[in-house]
Amino acid sequence: GLKIATIGGGSSYTPEIIEGFINRHHELPVKEIWLVDIEEGREKLEIVGNLAKRMVEKAGVDCEIKLTLDRREALKDADFVTTQFRVGLLDARIRDEKIPLRYNCIGQETTGAGGFAKALRTIPVILDICKDMEELCPDAWLVNFTNPSGIITETVLKHTNIKVVGLCNVPILMHMIAAQVLEADKDDVLVHFAGLNHLVWGRKIYYKGKDVTRKVVEKLADGVNFTAKNIPDMGWVKEHLLDLNMLPCPYHRYFYLTDKMLKEEIEAAKTEGTRGEVVKKVEAELFELYKDPNLAEKPKQLEQRGGQYYSDAACELINAIYNDKRIIMPVNVQNNGAISDLPEDVAVETSCVITKHGPMPLNTGHVETKIRGLMQVVKAYEEMTVEAAVTGDYNRALQALTMNPLVTDSEIAKKMLDDIIRENIEYLPQF
Ligand code: NAD
Ligand code: G6P
Ligand code: MN
Ligand code: MN
(Lines give C-alpha, C1' and ligand atoms only; values in the text may rest on other atoms or scores of the structure.)
(Ligands and ions follow the chains in the order given, each with its own letter.)
Protein backbone atom coordinates (compact mmCIF):
# COMPACT_ATOMS: atom_id res chain seq x y z
CA GLY A 1 0.00 0.00 0.00
CA LEU A 2 0.95 3.65 -0.41
CA LYS A 3 2.12 6.09 2.20
CA ILE A 4 1.08 9.71 1.72
CA ALA A 5 2.50 12.61 3.73
CA THR A 6 0.54 15.86 3.69
CA ILE A 7 2.46 18.90 4.94
CA GLY A 8 0.11 21.48 6.38
CA GLY A 9 -2.33 18.75 7.35
CA GLY A 10 -4.24 21.13 9.63
CA SER A 11 -5.61 22.94 6.57
CA SER A 12 -9.36 23.25 6.23
CA TYR A 13 -8.90 21.66 2.77
CA THR A 14 -7.83 18.33 4.29
CA PRO A 15 -11.35 16.78 4.08
CA GLU A 16 -11.14 17.38 0.31
CA ILE A 17 -8.03 15.31 -0.10
CA ILE A 18 -9.33 12.58 2.22
CA GLU A 19 -12.54 12.39 0.20
CA GLY A 20 -10.46 12.18 -2.98
CA PHE A 21 -8.52 9.19 -1.67
CA ILE A 22 -11.66 7.49 -0.36
CA ASN A 23 -13.34 7.83 -3.77
CA ARG A 24 -10.34 6.29 -5.52
CA HIS A 25 -9.52 3.61 -3.00
CA HIS A 26 -10.54 0.77 -5.32
CA GLU A 27 -7.67 1.66 -7.68
CA LEU A 28 -5.34 3.68 -5.46
CA PRO A 29 -4.38 1.60 -2.40
CA VAL A 30 -3.49 4.34 0.08
CA LYS A 31 -2.74 2.63 3.39
CA GLU A 32 -1.40 5.53 5.45
CA ILE A 33 -2.01 9.26 5.32
CA TRP A 34 0.28 11.24 7.58
CA LEU A 35 -1.01 14.72 8.31
CA VAL A 36 1.88 16.94 9.38
CA ASP A 37 1.66 20.36 10.96
CA ILE A 38 3.62 22.65 13.27
CA GLU A 39 3.01 23.67 16.89
CA GLU A 40 0.89 26.69 15.84
CA GLY A 41 -1.38 24.37 13.89
CA ARG A 42 -1.73 21.69 16.56
CA GLU A 43 -5.36 22.45 17.39
CA LYS A 44 -6.47 22.62 13.74
CA LEU A 45 -4.57 19.42 12.99
CA GLU A 46 -6.38 17.61 15.77
CA ILE A 47 -9.83 18.83 14.75
CA VAL A 48 -9.51 18.19 11.02
CA GLY A 49 -7.46 15.03 11.63
CA ASN A 50 -10.22 13.56 13.75
CA LEU A 51 -12.73 14.39 11.03
CA ALA A 52 -10.44 12.63 8.54
CA LYS A 53 -10.41 9.55 10.79
CA ARG A 54 -14.21 9.54 10.98
CA MET A 55 -14.40 9.91 7.19
CA VAL A 56 -12.28 6.84 6.42
CA GLU A 57 -14.01 4.85 9.13
CA LYS A 58 -17.46 5.67 7.79
CA ALA A 59 -16.34 4.86 4.25
CA GLY A 60 -14.99 1.56 5.49
CA VAL A 61 -11.68 1.89 3.66
CA ASP A 62 -8.54 0.29 4.98
CA CYS A 63 -6.45 3.41 5.54
CA GLU A 64 -4.83 4.77 8.65
CA ILE A 65 -4.75 8.49 9.40
CA LYS A 66 -1.74 9.59 11.44
CA LEU A 67 -1.38 13.04 12.98
CA THR A 68 2.07 14.36 13.75
CA LEU A 69 4.21 17.43 14.33
CA ASP A 70 7.26 15.38 13.34
CA ARG A 71 7.76 16.00 9.63
CA ARG A 72 10.66 13.58 9.32
CA GLU A 73 8.66 10.71 10.75
CA ALA A 74 5.92 11.46 8.23
CA LEU A 75 8.29 11.69 5.27
CA LYS A 76 10.16 8.46 6.00
CA ASP A 77 9.50 6.14 3.02
CA ALA A 78 6.55 8.19 1.78
CA ASP A 79 5.42 7.50 -1.81
CA PHE A 80 3.74 10.86 -2.37
CA VAL A 81 4.15 14.09 -0.45
CA THR A 82 1.51 16.76 -0.81
CA THR A 83 2.08 20.30 0.40
CA GLN A 84 -0.69 22.62 1.56
CA PHE A 85 1.07 24.70 4.21
CA ARG A 86 0.88 28.43 4.80
CA VAL A 87 4.05 29.98 6.25
CA GLY A 88 3.07 32.69 8.72
CA LEU A 89 -0.57 31.58 8.74
CA LEU A 90 -3.44 33.86 7.75
CA ASP A 91 -1.97 36.89 9.56
CA ALA A 92 0.91 36.86 7.09
CA ARG A 93 -1.55 36.59 4.19
CA ILE A 94 -3.46 39.60 5.49
CA ARG A 95 -0.21 41.58 5.65
CA ASP A 96 0.57 40.50 2.07
CA GLU A 97 -2.79 41.86 1.00
CA LYS A 98 -2.47 45.12 2.91
CA ILE A 99 1.12 46.21 2.20
CA PRO A 100 0.56 46.78 -1.56
CA LEU A 101 -2.75 48.56 -0.90
CA ARG A 102 -0.78 51.22 1.07
CA TYR A 103 0.85 52.10 -2.25
CA ASN A 104 -2.30 51.83 -4.35
CA CYS A 105 -1.29 48.49 -5.86
CA ILE A 106 -3.15 45.18 -6.09
CA GLY A 107 -3.01 43.37 -2.74
CA GLN A 108 -3.53 39.70 -3.52
CA GLU A 109 -2.04 36.59 -1.97
CA THR A 110 -0.55 35.11 -5.15
CA THR A 111 -0.31 37.82 -7.83
CA GLY A 112 1.56 41.11 -7.52
CA ALA A 113 3.60 42.07 -4.47
CA GLY A 114 1.55 39.88 -2.12
CA GLY A 115 2.52 36.74 -3.98
CA PHE A 116 6.12 37.93 -4.00
CA ALA A 117 6.12 38.24 -0.20
CA LYS A 118 4.50 34.83 0.14
CA ALA A 119 7.20 33.34 -2.11
CA LEU A 120 9.99 34.85 0.02
CA ARG A 121 8.51 33.22 3.15
CA THR A 122 7.68 29.90 1.55
CA ILE A 123 10.84 29.13 -0.42
CA PRO A 124 13.13 28.51 2.59
CA VAL A 125 10.55 26.06 3.96
CA ILE A 126 10.01 24.15 0.70
CA LEU A 127 13.80 23.81 0.29
CA ASP A 128 14.00 22.37 3.81
CA ILE A 129 11.20 19.92 3.06
CA CYS A 130 12.99 18.82 -0.11
CA LYS A 131 16.23 18.33 1.81
CA ASP A 132 14.37 16.00 4.18
CA MET A 133 12.80 14.24 1.21
CA GLU A 134 16.16 13.74 -0.49
CA GLU A 135 17.22 11.88 2.63
CA LEU A 136 14.03 10.11 3.73
CA CYS A 137 12.00 9.47 0.56
CA PRO A 138 14.17 10.40 -2.45
CA ASP A 139 11.89 8.63 -4.94
CA ALA A 140 8.65 10.19 -3.73
CA TRP A 141 6.69 12.60 -5.89
CA LEU A 142 6.07 16.03 -4.44
CA VAL A 143 2.60 17.28 -5.31
CA ASN A 144 2.71 20.95 -4.49
CA PHE A 145 -0.39 22.98 -3.78
CA THR A 146 1.29 25.68 -1.66
CA ASN A 147 1.17 29.09 -3.31
CA PRO A 148 2.47 30.76 -5.30
CA SER A 149 2.30 27.30 -6.85
CA GLY A 150 4.21 28.01 -10.07
CA ILE A 151 7.05 29.81 -8.30
CA ILE A 152 7.32 27.11 -5.64
CA THR A 153 7.35 24.39 -8.30
CA GLU A 154 10.06 26.22 -10.24
CA THR A 155 12.17 26.50 -7.08
CA VAL A 156 11.97 22.74 -6.52
CA LEU A 157 12.74 22.03 -10.18
CA LYS A 158 15.81 24.27 -10.19
CA HIS A 159 17.25 23.75 -6.74
CA THR A 160 16.51 20.19 -5.60
CA ASN A 161 16.60 16.59 -6.82
CA ILE A 162 12.95 16.00 -6.00
CA LYS A 163 10.34 15.08 -8.63
CA VAL A 164 7.66 17.72 -8.40
CA VAL A 165 4.30 18.57 -9.94
CA GLY A 166 2.57 21.85 -9.11
CA LEU A 167 -1.19 22.09 -8.88
CA CYS A 168 -3.96 24.61 -9.04
CA ASN A 169 -7.71 24.23 -9.13
CA VAL A 170 -8.19 27.16 -11.52
CA PRO A 171 -7.80 25.14 -14.73
CA ILE A 172 -10.46 22.75 -13.40
CA LEU A 173 -12.80 25.69 -12.85
CA MET A 174 -12.09 26.81 -16.43
CA HIS A 175 -12.77 23.35 -17.80
CA MET A 176 -16.05 23.26 -15.86
CA ILE A 177 -17.21 26.66 -17.17
CA ALA A 178 -16.36 25.64 -20.72
CA ALA A 179 -18.41 22.45 -20.36
CA GLN A 180 -21.23 24.39 -18.72
CA VAL A 181 -21.57 27.00 -21.47
CA LEU A 182 -21.36 24.28 -24.10
CA GLU A 183 -24.00 22.32 -22.20
CA ALA A 184 -21.66 19.38 -22.58
CA ASP A 185 -20.40 16.61 -20.37
CA LYS A 186 -17.01 17.72 -19.09
CA ASP A 187 -15.44 14.49 -20.30
CA ASP A 188 -16.41 15.43 -23.88
CA VAL A 189 -14.54 18.74 -23.60
CA LEU A 190 -10.80 19.17 -23.88
CA VAL A 191 -9.19 22.47 -22.97
CA HIS A 192 -5.58 22.90 -24.08
CA PHE A 193 -4.10 25.11 -21.37
CA ALA A 194 -0.90 27.08 -21.72
CA GLY A 195 0.68 29.79 -19.60
CA LEU A 196 1.72 30.20 -15.99
CA ASN A 197 0.04 29.41 -12.71
CA HIS A 198 -2.67 32.02 -12.12
CA LEU A 199 -1.89 33.35 -15.60
CA VAL A 200 -3.08 30.44 -17.66
CA TRP A 201 -5.09 30.67 -20.85
CA GLY A 202 -7.40 28.04 -22.26
CA ARG A 203 -5.98 28.59 -25.72
CA LYS A 204 -8.01 25.96 -27.53
CA ILE A 205 -11.23 24.26 -26.52
CA TYR A 206 -12.41 21.13 -28.28
CA TYR A 207 -15.75 19.34 -28.17
CA LYS A 208 -16.07 15.96 -29.85
CA GLY A 209 -13.31 16.68 -32.31
CA LYS A 210 -14.32 20.25 -33.12
CA ASP A 211 -12.53 23.45 -32.15
CA VAL A 212 -15.26 25.31 -30.21
CA THR A 213 -13.07 28.02 -28.68
CA ARG A 214 -15.01 30.79 -30.42
CA LYS A 215 -18.34 29.57 -29.11
CA VAL A 216 -17.12 29.47 -25.51
CA VAL A 217 -15.54 32.92 -25.77
CA GLU A 218 -18.74 34.39 -27.21
CA LYS A 219 -20.79 32.95 -24.37
CA LEU A 220 -18.38 34.42 -21.82
CA ALA A 221 -18.50 37.76 -23.59
CA ASP A 222 -22.28 37.62 -23.17
CA GLY A 223 -21.65 37.89 -19.43
CA VAL A 224 -21.75 34.35 -18.07
CA ASN A 225 -20.60 34.43 -14.43
CA PHE A 226 -17.17 32.97 -14.18
CA THR A 227 -14.67 33.27 -11.37
CA ALA A 228 -13.11 31.52 -8.36
CA LYS A 229 -14.65 32.13 -4.90
CA ASN A 230 -11.80 34.42 -3.86
CA ILE A 231 -11.92 36.71 -6.92
CA PRO A 232 -14.73 39.22 -7.50
CA ASP A 233 -16.44 38.62 -10.84
CA MET A 234 -15.91 41.90 -12.71
CA GLY A 235 -16.74 40.48 -16.13
CA TRP A 236 -14.42 41.33 -19.02
CA VAL A 237 -14.11 44.10 -21.59
CA LYS A 238 -16.22 42.48 -24.28
CA GLU A 239 -14.22 43.62 -27.29
CA HIS A 240 -10.98 42.64 -25.59
CA LEU A 241 -12.22 39.16 -24.73
CA LEU A 242 -13.70 38.55 -28.19
CA ASP A 243 -10.47 39.54 -29.88
CA LEU A 244 -8.40 37.55 -27.39
CA ASN A 245 -10.43 34.56 -28.52
CA MET A 246 -9.30 32.31 -25.74
CA LEU A 247 -10.39 31.56 -22.21
CA PRO A 248 -8.64 33.79 -19.67
CA CYS A 249 -8.37 32.65 -16.05
CA PRO A 250 -10.05 34.59 -13.25
CA TYR A 251 -6.65 35.93 -12.11
CA HIS A 252 -6.23 37.65 -15.47
CA ARG A 253 -8.62 40.26 -14.12
CA TYR A 254 -5.81 41.63 -11.95
CA PHE A 255 -3.89 42.38 -15.15
CA TYR A 256 -6.69 43.13 -17.63
CA LEU A 257 -8.88 45.11 -15.20
CA THR A 258 -6.31 46.39 -12.72
CA ASP A 259 -7.98 49.67 -11.86
CA LYS A 260 -11.41 48.16 -11.33
CA MET A 261 -10.00 45.32 -9.23
CA LEU A 262 -7.94 47.73 -7.15
CA LYS A 263 -10.96 49.91 -6.41
CA GLU A 264 -12.91 46.82 -5.42
CA GLU A 265 -10.09 45.71 -3.09
CA ILE A 266 -9.84 49.13 -1.47
CA GLU A 267 -13.60 49.15 -0.90
CA ALA A 268 -13.61 45.60 0.48
CA ALA A 269 -10.70 46.34 2.83
CA LYS A 270 -12.82 49.15 4.34
CA THR A 271 -15.96 47.03 4.69
CA GLU A 272 -15.85 43.22 4.99
CA GLY A 273 -12.04 43.15 5.05
CA THR A 274 -9.46 41.71 2.70
CA ARG A 275 -9.96 38.17 1.41
CA GLY A 276 -7.62 36.91 4.16
CA GLU A 277 -9.79 38.57 6.78
CA VAL A 278 -12.93 37.06 5.25
CA VAL A 279 -11.24 33.64 5.12
CA LYS A 280 -10.41 33.90 8.84
CA LYS A 281 -14.14 33.98 9.57
CA VAL A 282 -15.01 31.25 7.05
CA GLU A 283 -12.27 29.08 8.51
CA ALA A 284 -13.47 29.56 12.08
CA GLU A 285 -16.96 28.45 10.96
CA LEU A 286 -15.55 25.45 9.12
CA PHE A 287 -13.57 24.28 12.14
CA GLU A 288 -16.67 24.64 14.35
CA LEU A 289 -18.44 22.26 11.93
CA TYR A 290 -15.45 19.92 11.81
CA LYS A 291 -15.62 19.52 15.60
CA ASP A 292 -19.05 17.86 15.38
CA PRO A 293 -18.45 14.20 16.26
CA ASN A 294 -21.38 13.23 14.02
CA LEU A 295 -19.84 14.80 10.93
CA ALA A 296 -18.01 12.18 8.83
CA GLU A 297 -17.90 13.76 5.37
CA LYS A 298 -16.65 16.87 3.62
CA PRO A 299 -19.17 19.61 4.45
CA LYS A 300 -20.80 21.63 1.67
CA GLN A 301 -19.57 24.85 3.34
CA LEU A 302 -16.01 24.13 2.19
CA GLU A 303 -17.16 25.36 -1.22
CA GLN A 304 -16.92 28.91 0.12
CA ARG A 305 -13.16 28.58 -0.19
CA GLY A 306 -11.39 29.42 -3.45
CA GLY A 307 -9.64 26.07 -3.65
CA GLN A 308 -12.69 23.90 -4.38
CA TYR A 309 -11.99 20.79 -6.49
CA TYR A 310 -8.50 20.64 -5.03
CA SER A 311 -8.89 16.93 -4.29
CA ASP A 312 -9.90 16.24 -7.85
CA ALA A 313 -6.60 17.73 -8.90
CA ALA A 314 -4.35 16.20 -6.24
CA CYS A 315 -5.86 12.73 -5.94
CA GLU A 316 -6.49 12.31 -9.66
CA LEU A 317 -2.90 13.31 -10.36
CA ILE A 318 -1.55 10.79 -7.85
CA ASN A 319 -3.90 8.16 -9.24
CA ALA A 320 -2.77 8.88 -12.80
CA ILE A 321 0.93 8.67 -11.87
CA TYR A 322 0.49 5.53 -9.80
CA ASN A 323 -1.65 3.75 -12.40
CA ASP A 324 0.21 5.21 -15.40
CA LYS A 325 -3.14 6.42 -16.75
CA ARG A 326 -1.79 8.67 -19.50
CA ILE A 327 -4.74 11.00 -19.15
CA ILE A 328 -4.42 14.70 -19.88
CA MET A 329 -4.35 17.10 -16.94
CA PRO A 330 -3.27 20.74 -16.59
CA VAL A 331 -0.33 20.91 -14.14
CA ASN A 332 2.82 22.92 -13.44
CA VAL A 333 5.93 21.29 -14.89
CA GLN A 334 9.27 22.16 -16.41
CA ASN A 335 8.66 23.88 -19.74
CA ASN A 336 11.33 21.97 -21.61
CA GLY A 337 10.37 23.59 -24.90
CA ALA A 338 6.61 23.04 -24.70
CA ILE A 339 6.00 26.80 -24.89
CA SER A 340 8.61 28.08 -27.32
CA ASP A 341 8.46 31.65 -26.03
CA LEU A 342 9.70 30.73 -22.54
CA PRO A 343 13.03 29.37 -21.25
CA GLU A 344 13.39 25.59 -21.01
CA ASP A 345 14.09 25.39 -17.28
CA VAL A 346 11.10 27.38 -15.96
CA ALA A 347 7.80 26.08 -14.62
CA VAL A 348 4.76 26.46 -16.86
CA GLU A 349 1.13 25.54 -16.32
CA THR A 350 0.02 23.48 -19.24
CA SER A 351 -1.91 20.40 -20.32
CA CYS A 352 0.19 17.29 -19.84
CA VAL A 353 -0.15 13.58 -20.36
CA ILE A 354 0.25 12.10 -16.88
CA THR A 355 2.37 8.96 -16.83
CA LYS A 356 4.20 6.99 -14.15
CA HIS A 357 7.33 8.74 -15.40
CA GLY A 358 5.75 12.10 -14.71
CA PRO A 359 3.76 14.66 -16.71
CA MET A 360 4.65 15.03 -20.38
CA PRO A 361 3.58 18.50 -21.61
CA LEU A 362 1.60 18.79 -24.83
CA ASN A 363 3.30 20.98 -27.36
CA THR A 364 2.12 24.57 -27.63
CA GLY A 365 4.87 26.13 -29.72
CA HIS A 366 4.74 29.90 -30.02
CA VAL A 367 1.83 31.78 -28.52
CA GLU A 368 0.07 34.80 -29.99
CA THR A 369 1.77 38.18 -29.50
CA LYS A 370 -1.31 39.41 -27.61
CA ILE A 371 -0.57 37.03 -24.73
CA ARG A 372 3.16 36.54 -25.18
CA GLY A 373 4.31 39.83 -23.63
CA LEU A 374 2.41 39.49 -20.38
CA MET A 375 3.39 35.83 -20.05
CA GLN A 376 7.06 36.61 -20.57
CA VAL A 377 7.22 39.56 -18.22
CA VAL A 378 5.47 37.67 -15.43
CA LYS A 379 7.74 34.68 -15.99
CA ALA A 380 10.83 36.91 -15.80
CA TYR A 381 9.45 38.33 -12.54
CA GLU A 382 8.97 34.76 -11.27
CA GLU A 383 12.47 33.68 -12.26
CA MET A 384 13.99 36.64 -10.45
CA THR A 385 11.76 36.02 -7.43
CA VAL A 386 13.08 32.46 -7.16
CA GLU A 387 16.65 33.76 -7.35
CA ALA A 388 16.00 36.48 -4.78
CA ALA A 389 14.30 34.08 -2.38
CA VAL A 390 16.98 31.41 -2.66
CA THR A 391 19.91 33.81 -2.25
CA GLY A 392 18.45 36.61 -0.14
CA ASP A 393 19.81 39.12 -2.63
CA TYR A 394 18.11 42.47 -1.98
CA ASN A 395 18.84 43.91 -5.41
CA ARG A 396 17.46 40.84 -7.17
CA ALA A 397 14.33 41.19 -5.06
CA LEU A 398 14.03 44.84 -6.01
CA GLN A 399 14.38 44.04 -9.71
CA ALA A 400 11.77 41.29 -9.42
CA LEU A 401 9.21 43.50 -7.72
CA THR A 402 9.86 46.43 -10.07
CA MET A 403 9.30 44.18 -13.05
CA ASN A 404 5.97 42.89 -11.74
CA PRO A 405 3.26 44.55 -13.86
CA LEU A 406 1.11 45.08 -10.76
CA VAL A 407 3.80 47.16 -9.02
CA THR A 408 3.89 50.73 -10.29
CA ASP A 409 7.61 51.52 -10.38
CA SER A 410 10.97 51.12 -8.66
CA GLU A 411 10.35 53.76 -5.99
CA ILE A 412 7.19 52.05 -4.88
CA ALA A 413 8.80 48.64 -5.26
CA LYS A 414 11.59 49.69 -2.89
CA LYS A 415 9.16 50.98 -0.27
CA MET A 416 7.09 47.82 -0.53
CA LEU A 417 10.14 45.58 -0.39
CA ASP A 418 11.35 47.30 2.77
CA ASP A 419 7.91 46.87 4.35
CA ILE A 420 7.77 43.22 3.24
CA ILE A 421 11.18 42.40 4.69
CA ARG A 422 10.54 44.27 7.93
CA GLU A 423 7.11 42.76 8.54
CA ASN A 424 8.15 39.21 7.63
CA ILE A 425 11.66 39.13 9.02
CA GLU A 426 10.98 36.19 11.37
CA TYR A 427 10.16 34.08 8.27
CA LEU A 428 13.04 35.29 6.11
CA PRO A 429 16.23 33.54 7.26
CA GLN A 430 17.77 34.32 3.85
CA PHE A 431 17.56 38.13 4.36
P1 NAD B 1 -3.92 27.33 6.24
O2 NAD B 1 -3.74 28.72 6.76
O3 NAD B 1 -5.06 26.55 6.74
O4 NAD B 1 -2.57 26.54 6.49
C5 NAD B 1 -2.51 25.14 6.42
C6 NAD B 1 -1.66 24.62 7.54
O7 NAD B 1 -0.28 24.88 7.31
C8 NAD B 1 -1.96 25.26 8.91
O9 NAD B 1 -2.56 24.31 9.75
C10 NAD B 1 -0.61 25.72 9.39
O11 NAD B 1 -0.40 25.53 10.77
C12 NAD B 1 0.33 24.87 8.56
N13 NAD B 1 1.72 25.31 8.47
C14 NAD B 1 2.23 26.56 8.46
N15 NAD B 1 3.57 26.53 8.36
C16 NAD B 1 3.91 25.21 8.27
C17 NAD B 1 5.15 24.52 8.14
N18 NAD B 1 6.30 25.17 8.09
N19 NAD B 1 5.11 23.17 8.07
C20 NAD B 1 3.96 22.49 8.15
N21 NAD B 1 2.76 23.10 8.27
C22 NAD B 1 2.75 24.44 8.34
O23 NAD B 1 -3.88 27.43 4.68
P24 NAD B 1 -4.89 26.94 3.54
O25 NAD B 1 -5.90 27.99 3.34
O26 NAD B 1 -5.28 25.57 3.75
O27 NAD B 1 -3.89 27.02 2.32
C28 NAD B 1 -2.69 26.27 2.35
C29 NAD B 1 -1.83 26.60 1.18
O30 NAD B 1 -2.42 26.14 0.00
C31 NAD B 1 -1.57 28.09 0.98
O32 NAD B 1 -0.26 28.30 0.52
C33 NAD B 1 -2.57 28.45 -0.09
O34 NAD B 1 -2.18 29.59 -0.82
C35 NAD B 1 -2.54 27.21 -0.91
N36 NAD B 1 -3.69 27.02 -1.78
C37 NAD B 1 -3.40 26.68 -3.06
C38 NAD B 1 -4.40 26.52 -3.98
C39 NAD B 1 -4.02 26.20 -5.40
O40 NAD B 1 -4.83 26.32 -6.28
N41 NAD B 1 -2.76 25.81 -5.66
C42 NAD B 1 -5.74 26.66 -3.59
C43 NAD B 1 -6.02 26.97 -2.26
C44 NAD B 1 -4.97 27.15 -1.37
C1 G6P C 1 -8.10 29.50 -5.75
C2 G6P C 1 -6.68 29.44 -6.16
C3 G6P C 1 -5.77 29.27 -5.03
C4 G6P C 1 -6.06 30.41 -4.09
C5 G6P C 1 -7.33 30.07 -3.44
C6 G6P C 1 -7.75 31.10 -2.44
O7 G6P C 1 -8.58 30.47 -6.55
O8 G6P C 1 -6.46 28.54 -7.20
O9 G6P C 1 -4.47 29.18 -5.48
O10 G6P C 1 -5.04 30.68 -3.22
O11 G6P C 1 -8.34 29.78 -4.36
O12 G6P C 1 -8.86 30.69 -1.75
P13 G6P C 1 -9.26 31.37 -0.38
O14 G6P C 1 -10.58 30.79 -0.05
O15 G6P C 1 -8.16 30.99 0.58
O16 G6P C 1 -9.29 32.84 -0.61
MN1 MN D 1 -4.31 28.28 -7.56
MN1 MN E 1 6.03 47.56 -12.69
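Which of the 16 residues around ligand 2 come nearest? In this predicted model, the residues that come nearest to ligand 2 are Asn 147, Asn 169, Arg 275, Arg 305 and Gly 306. The chain has a mean pLDDT of 97, with 100% of its residues reaching 70 or more, and the model scores are 0.98 for ipTM and 0.98 for pTM. The points below take up the two ligand sites, the two manganese ions, and then two individual residues, Phe 145 and Thr 385.

**Ligand 2**

- The side chain of Asn 147 places an N or O atom 2.8 Å from an oxygen atom of ligand 2, and a polar side-chain atom of Asn 230 likewise lies 2.8 Å from an oxygen atom of ligand 2.
- For Tyr 251, the distance between an N or O atom of the side chain and an oxygen atom of ligand 2 is 3.1 Å.
- Ligand 2 taken alone exposes 390 Å², of which the protein buries 95%.

**Ligand 1**

- Ligand 1 is surrounded by 25 residues, and the closest of these are Ser 11, Asp 37, Lys 44, Lys 118 and Arg 305; Arg 305 is also listed among the residues that come nearest to ligand 2.
- Asp 37 has a side-chain N or O atom 2.6 Å from an oxygen atom of ligand 1, while a polar side-chain atom of Lys 44 lies 2.8 Å from an oxygen atom of ligand 1.
- The side chain of Asn 147, which has a polar atom 2.8 Å from an oxygen atom of ligand 2, also has an N or O atom 2.9 Å from an oxygen atom of ligand 1.
- Taken alone, ligand 1 exposes 860 Å², and the protein buries 95% of that area.

**Manganese ions**

- The manganese ion that is ligand 3 has as its protein donors the SG atom of Cys 168 and the NE2 atom of His 198, which lie 2.2 to 2.3 Å from the ion.
- These two donors link distant parts of the chain, 30 residues apart, with Cys 168 in the loop between strand 6 (163-166) and helix 7 (170-182) and His 198 in the loop between strand 7 (189-196) and strand 8 (199-207).
- Cys 168 and His 198 are both buried.
- For the manganese ion that is ligand 4, the protein donors are the O atoms of Thr 402 and Val 407, at 2.2 to 2.7 Å from the ion.
- Thr 402 counts as partly exposed because its relative accessibility is 25%, whereas Val 407, at 3%, counts as buried.

**Phe 145**

- Phe 145 is placed in the loop between strand 5 (141-144) and helix 6 (149-159), and its relative accessible area of 14% is why this residue counts as buried.
- Setting aside residues up to four places away in sequence, Phe 145 touches Tyr 13, Thr 83, Gln 84, Leu 167 and Tyr 310.
- Between Phe 145 and Phe 85, which are 60 residues apart in sequence, the C-alpha to C-alpha distance is 8.3 Å.

**Thr 385**

- Thr 385 belongs to helix 14, which covers residues 369-391, and this residue is buried, with a relative accessible area of 0%.
- Apart from neighbours within four places in sequence, the residues in contact with Thr 385 are Phe 116, Ala 119, Ile 151 and Ala 400.

How values were computed: Residues are numbered from 1 along each chain as its sequence is written. Chains are lettered from A and ligands numbered from 1 in the order in which they are written. This is a predicted model: local features need pLDDT of at least 70, side-chain atom pairs count only at pLDDT 80 or more; totals for chains, interfaces and linings use all residues. Side-chain values use heavy atoms; hydrogens and water are left out. Helices (H or I, at least four residues) and strands (E, at least two) are DSSP runs, numbered from the N terminus. Buried means under 20% relative accessible area, exposed over 50%, partly exposed in between (1.4 Å probe, protein chains only). Contact means heavy atoms within 4.5 Å. Donors are N, O and S atoms within 2.8 Å of the metal (3.2 Å for Na, K and Ca); water is not among the atoms, so sites may look incomplete. A residue is near a molecule or strand if one of its heavy atoms lies within 4 Å of it. A polar contact is a pair of N or O atoms within 3.5 Å; within protein, one must be able to donate a hydrogen and the other to accept it, and residues adjacent in sequence count only if both atoms are side-chain atoms. Accessible areas come from the Shrake-Rupley method with a 1.4 Å probe; for residues, only the protein chains shown count as cover. pLDDT is the predictor's confidence in each residue, from 0 to 100.
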